[in-house]
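Biologist: I am new to this structure and would like a close look at one part, the sheets and the helices that pack there or elsewhere. Please give the cut-off for each term as you go.

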Amino acid sequence: MTGLVETVDEFFLARGPLSRRAGFEFRPQQGKMAVAIAQALEHREHLIVEAPTGVGKTIAYLVPAILHATRYERKAIVSTHTKNLQEQIGQKDIPILREILKVNFGGVVLKGRKNYLCTTRLRQALASSGSLFNAQEQKELQRIHDWSLQTHDGDMENLGFAPDAAIWEMVCSEKGICSSTSCKPDCFFQRAKARVRGAQLVVMNHALFFTLMALQGGEDRFIFENDFVIFDEAHTLESVAGTGAGKRLSRYQVLSSIHRLYNPKTKKGLLAKQKKEVKALCEDVEKAALEFFDTIRQASIETQNSASREVRIRVPYVVDNSIAPPLVELQAEVHKIEESLKNENVKKELAAAREYLWEAQILASEFLEQPEPGFTYWVELAGSSTANTTLCASPSSIADTVGPTLFRENTSVIMTSATLAVDNNLGYYQERIGAMNVRGLILDSPFDYRRQMKLCLAKGIPEPDTDEYASHLPAWIMQAVLRSQGKALVLFTSALLMRAVAATLADEFDQRNITLLVQGAERQRHELLENFKRDIHSVLFGLDSFWMGIDVPGEALEHVVITRLPFAVPNHPLIEARLESIANRGGNAFMEYTLPEAVLKLRQGVGRLLRSCNDTGLVTILDSRILTRRYGRVFISSLPECRVEIINGEGEVEYLPTDDW
């Protein structure tokens, strides 16, 4: 049998099987990436690959992963950040590769278990609907039942409507209730598990991967026996892994756990038919929970130094642990009721509800105690006093916590993204995720940036931290947009400033018959993007979620306008803790963290422009610091080599930098 590396190399040759298929073209960078991954898998080594847009990185890692998994009876995990990429792999790439590779392999997309309907729990909910749900909720439960008779996968996303959270909570797959021993063959989560067991390729998102990895007891696997993992969209890994390794407890979670047993307002719940003393206990615990979170909220407001909704808690026991005793008392009462029941399904439902109470008790105690020295603790405050309050704890550095578990010996972790390097170096990314000894590869772009892209830098615009910036910005944006006759994505870092600029320019856009689309709560992100693509002369104002993960090829997007260099405001507790850690060891927090993070985000924003070899356009940066500050050279050298123009407030080209600029 030909070796894996040789097989992969031949597959991606100019006259190989992939290039011969209609719709595909030979890209040397794609073959180079695939061979490097094949070598890493063969030698059970780790690898980091920066693969610019247009390389075709998804096929480049899927081919060696599938071939290696099928040859050596291993399981390939592909983890992505966005749902769109998961769907692309599952619905497009896997079917194509089955045909071209001529290899029989199973490939499935796996979601968290709460996405799947459990028919055993559905039957139990229908049987007890009178005590669990009101009349309106019972109608919705019936709609779910009708759907269950038609759906092929039981995935909530295909339900056709957004179910009430409390209802779905009673019918979705639940650990301890939904299992291979208690569920019948028609259970959709058990079906999904069976498909995963037989598959060589399992696709999931980063959050699920780190959640499942945290549940593994052994150190000889990530999730499955003899597995390896490929992370696409790996630039998001630090934030997602930190969340996965962290802990959260919200006011809503605790109240939902109590109401699952008994809701004093609706008179419904698993304990609705129990004696009044039990229901009164649930009501007392609800009051205790409300008082506890109100106390936490007030203490957080008193300690915060700004209007931020994330308040760092630096000392243990910021309030008394008043919630633990009533939670313990309710758990004991529920356990006694469980012991007295004969219906196994109801007993399992009560046991699961009791476990939620236990988890809430433990999480609240750990938050107040702050036992982990490497963790940062904070409270997230929603808008009003009656809204949600969440207790949060997360590792300050995943390099120290997740890194050693992830980059273990005798397996492979492959990480790839279009933007991992700062100033053409992967060192910053490797340090952040604990992969300093992992081999890195930075691929060339297949795009001809000197022909396809022009970079326009604003000279003379006030700096963003000055009072004049906000008043001057609308005029600079307008003249930039007119250079491309619309067709522009304008990226902001401040929602307040974005709305103010939109209000200032609305009439002028209207007079020029240019549609202005503005990100906001009243417009879904997907809807905005579709409108932007359809109206090719429109302009879209977007915030953080539009800096990455959107794909608008063709003439609808020919201009990306960056309103300011995307330096993160250090008001989030995790960022604050990371900056403090660098400063405490004598480092330069700006150069070691703030600047590299901003460079990577700028690269993501710029990357929205070109999505194919046929695209052309402009990138305009309306932040004069890129020209006047020393660190500006780091930003520029991290961007693709292209034509550069310096423009003034009238949109005129003042001068062209020399090649050695």
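Modeller: What follows takes the sheets, then some helix pairs, then one salt bridge.

This is a predicted model, in which local features need pLDDT of at least 70 and side-chain atom pairs count only at pLDDT 80 or more, while totals for chains, interfaces and linings use all residues. Residues are numbered from 1 along each chain as its sequence is written, and side-chain values use heavy atoms, with hydrogens and water left out.

Helices (H or I, at least four residues) and strands (E, at least two) are DSSP runs, numbered from the N terminus. Two strands pair if DSSP finds at least two bridges between them.

An open sheet of 7 strands is arranged as β3-β4-β2-β5-β10-β1-β11, and the pairing is parallel. The edges are held by β3 (107-109) and β11 (439-442); each has a single partner strand, so one side of each is left without a neighbour in the sheet. On average, neighbouring strands of this sheet are turned by 15° against each other, direction ignored. Axes here are lines fitted to C-alpha atoms, for helices over the stretch in contact, and angles run from 0 to 180 degrees between N-to-C directions. At the β3 edge, 3 bridges join β3 to β4 (residues 201-205), and the two run parallel. Val108 stands opposite Val202 in β4. Helix α11 (residues 206-214) packs on this sheet and touches β2 (75-80), β4 and β5 (227-231), with a direction that makes about 105° with that of β4. Contact means heavy atoms within 4.5 Å.

Another open sheet has 4 strands in the order β6-β9-β8-β7, with antiparallel pairing. Here β6 (247-250) and β7 (310-312) stand at the edges, each with a single partner strand, so one side of each has no neighbour in the sheet. Its neighbouring strands are turned by 20° against each other on average, direction ignored. Between β7 and β8 (residues 375-381) there are 3 bridges in the antiparallel sense, and Arg312 stands opposite Trp378 in β8. Helix α14 (residues 276-303) packs on this sheet, touching β6, β7, β8 and β9 (389-395), and its direction makes about 65° with that of β9.

Now the helix pairs. Two packed helices are described by the angle between their axes and the distance between the axes. The axes of α1 (residues 4-11) and α4 (residues 57-72) come within 10 Å and cross at roughly 145°. This crossing of α1 and α4 is right-handed; a crossing is left-handed if the near helix is turned anticlockwise from the far one by less than a right angle, and right-handed if clockwise. From α1, Leu4, Thr7, Val8 and Phe11 meet Val63, Pro64, Leu67, His68 and Arg71 of α4. The residues of this contact of α1 with α4 divide into 6 nonpolar, 2 polar and 1 charged. In these classes Ala, Val, Leu, Ile, Met, Phe, Trp, Tyr, Cys and Pro count as nonpolar, Asp, Glu, Lys and Arg as charged, and the others, Gly among them, as polar.

Helix α1 also packs with α3 (residues 28-42), at an angle of about 165° and with the axes 9 Å apart. That makes α1 roughly antiparallel to α3, where angles under 35 degrees count as roughly parallel, over 145 as roughly antiparallel, 65 to 115 as roughly perpendicular and the rest as oblique. The crossing of α1 and α3 is right-handed. Leu4, Val5, Val8 and Asp9 in α1 meet Ala34, Val35, Ala38, Gln39 and Glu42 in α3.

A search of the whole structure finds 41 salt bridges, each a side-chain nitrogen of Lys or Arg within 4 Å of a carboxyl oxygen of Asp or Glu. One of them joins Asp155 to Lys111, with the closest N and O atoms 2.6 Å apart.
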